[in-house]
Amino acid sequence: KLDDLQEFAGRMRTGDVWMTILSRKGTFISWPDSSVIMHETVTTLGETLNRPDLIALGKRMTSGRTGTERIQSLDAIPVPMLISYTPIRSTGWSFGAAVGEAKVMAPAYMELRDRGVVAFGVIAVVVGVILAIGVWLTRPIERLAAAATVLGTGRLDAPPVPVTSDDEIGDLGRAFNTMVTRLREHVEALTRETRAREGVESELRIAREIQQSLLPRTFPPFPDRKEFDLHAFNGAARRVAGDFYDFFFMPDGRLAVVIADVCGKGVPAAMFMAVTRTVVRNLAMHGRSPGALLCEANRMLKADNEAGLFVTMIVAYYDPATGSMVYANGGHPRPYVLAKDGTRRQFGRVTGTVVGALLDQSWEDAEE
């Protein structure tokens with residue numbers, strides 16, 4: 001009976017189709033290679049071929065399961081296979097039939113190929129019709145595109161587009177001609193405005209240069225002084241603005257440091273900044289304390305200040321001999337002190353309001 005079963009399984013194998021029978025323990029009862037029959041199990045064959053997937057497949061088959069799986073290849077048939085297996089209830093064996101994946105999918109591939117050829121033919125016909133209609137419709141647009149290309153080169157004196165129809169293309173041509181005429185007028189007006197703006201820009205550049213000349217720009221400013229390092233930078237958001245800094249030695253040997261910001265931007269702020277710098281320098285040279293200096297500067301800047309400008313300001317006196325610093329802060333954001341270890345903290349406190357806005361104000365002196 002076993003010989004008859006093996007013979008039947010062998011007759012069923014044609015091309016990429018073959019059958020196999022496994023015993024309960026996974027021994028091959030039928031297999032394309034006769035040397036394996038009754039001598040090998042699916043586990044030993046999988047180990048010999050280094051195929052863990054075959055070992056796992058054999059375990060599922062001998063466990064009594066039914067299923068269909070895809071495997072890359074078999075030793076006897078080196079092509080991708082689809083294998084279906086089911087248990088033989090009367091013996092507890094497992095019967096499996098495998099067929100080449102290409103053979104199973106061949107009808108589907110042929111159907112896809114035939115449909116693809118038909119679809120390609122339909123698409124080719126549709127594209128041909130669209131191209132023919134497009135050529136007929138786009139001739140007026142091509143003339144319009146050629147005119148736009150000439151316009152793109154900057155030739156505003158190019159001749160207008162000829163318009164011979166009353167359809168949408170004709171409307172587009174007339175709109176294009178109107179656009180060119182208005183563009184030519186706009187460019188002429190813009191040229192005049194640019195010339196006038198260049199004159200203003202030139203004056204603003206000169207004003208910026210004058211403003212920058214009022215700020216210390218040589219660093220290090222005191223190369224013979226080893227007690228401290230000093231560096232500053234001013235970058236205006238516009239040509240001229242009201243931000244400024246200053247530093248200088250006073251007659252008593254202390255270093256005066258000023259950080260200030262005039263409200264607003266532009267020329268008015270720059271002019272108020274120049275006046276403020278001059279006032280602060282003169283008051284500091286006369287020995288006023290930072291708080292007293294801000295009081296007097298407030299009085300002087302408030303007088304005849306019809307524009308309503310004001311300035312936030314920090315005035316600090318640093319004594320190189322003792323390392324102490326006396327300061328007054330008139331409404332300016334508290335600066336940061338950076339330590340050598342990378343930590344930072346805010347410096348001091350605000351000792352009064354902004355300068356130049358209100359009369360009868362006072363500012364306290366503070367010390368760090």
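**Figure 1. Pairing of strands β1 and β5 in the predicted model****.** In this predicted model, strand β1, spanning residues 18-22, runs antiparallel to strand β5, residues 93-100, and the two are joined over 5 bridges. Within this pairing, W18 lies opposite A98 of β5. Strands of a sheet pair through backbone hydrogen bonds, in either a parallel or an antiparallel arrangement.

**Figure 2. The open five-stranded sheet that contains β1 and β5****.** The 5 strands follow the order β2-β1-β5-β4-β3, and their pairing is antiparallel. Strands β2 (28-30) and β3 (67-71) form the edges, each pairing on one side only. From one strand to the next, the twist averages 30°.

**Figure 3. Surroundings of D246 in strand β6****.** D246 belongs to strand β6, which covers residues 241-249. Because its relative accessibility is 2%, and buried means under 20%, D246 counts as buried. Its side chain makes a polar contact with the side chain of R281, at 2.6 Å. When neighbours within four places in sequence are left aside, the residues in contact with D246 are P216, A256, V257, V258, R277 and R281.

**Figure 4. Helix α7 and its packing partners****.** Helix α7 comprises 13 residues, 290-302, and extends 18 Å from its first C-alpha to its last, close to the 18 Å expected at 1.5 Å a residue. The buried positions of α7 are P290, G291, L293, L294, E296, A297, N298 and L301. An α-helix has 3.6 residues a turn, so residues three or four places apart point the same way. The buried residues of α7 pack against helix α6 (266-285) and against strands β8 (311-318) and β9 (325-330). After α7 comes D304, which has a positive phi, near 60°.

**Figure 5. The largest nonpolar core, with V311 in detail****.** This core holds 32 residues, and those with the most contacts inside it are L293, L294, V311, M313, V315, Y317 and V355. At least two core residues are supplied by each of β6, β7 (255-265), α6, α7 and β8. Helix α6 provides the largest share, 7 residues. Not counting residues up to four places away in sequence, V311 touches A260, D261, V262, F272, T276, L301, G330, V354 and V355. Apart from the largest core lies another, of 16 residues, which includes F28, W31, V36 and I71. In soluble globular proteins, nonpolar side chains tend to be buried together.

Terms used. Residues numbered from 1 in each chain as written. Predicted model: local features only at pLDDT ≥ 70, side-chain atom pairs only at ≥ 80, totals over all residues. Heavy atoms only, no water. Pairing = 2+ DSSP bridges. Helix = DSSP H or I, 4+ residues; strand = E, 2+ residues; numbered from the N terminus. Axes fitted to C-alpha atoms, helices over the stretch in contact; angles between N-to-C directions. Buried < 20%, exposed > 50% of the residue type's maximum accessible area, 1.4 Å probe, protein only. Polar contact = N/O pair within 3.5 Å; in protein donor to acceptor, adjacent residues only side chain to side chain. Contact = heavy atoms within 4.5 Å. Expected span 1.5 Å × (residues − 1). Core = buried A, V, L, I, M, F, W, Y, C linked by side-chain atoms within 4.5 Å.
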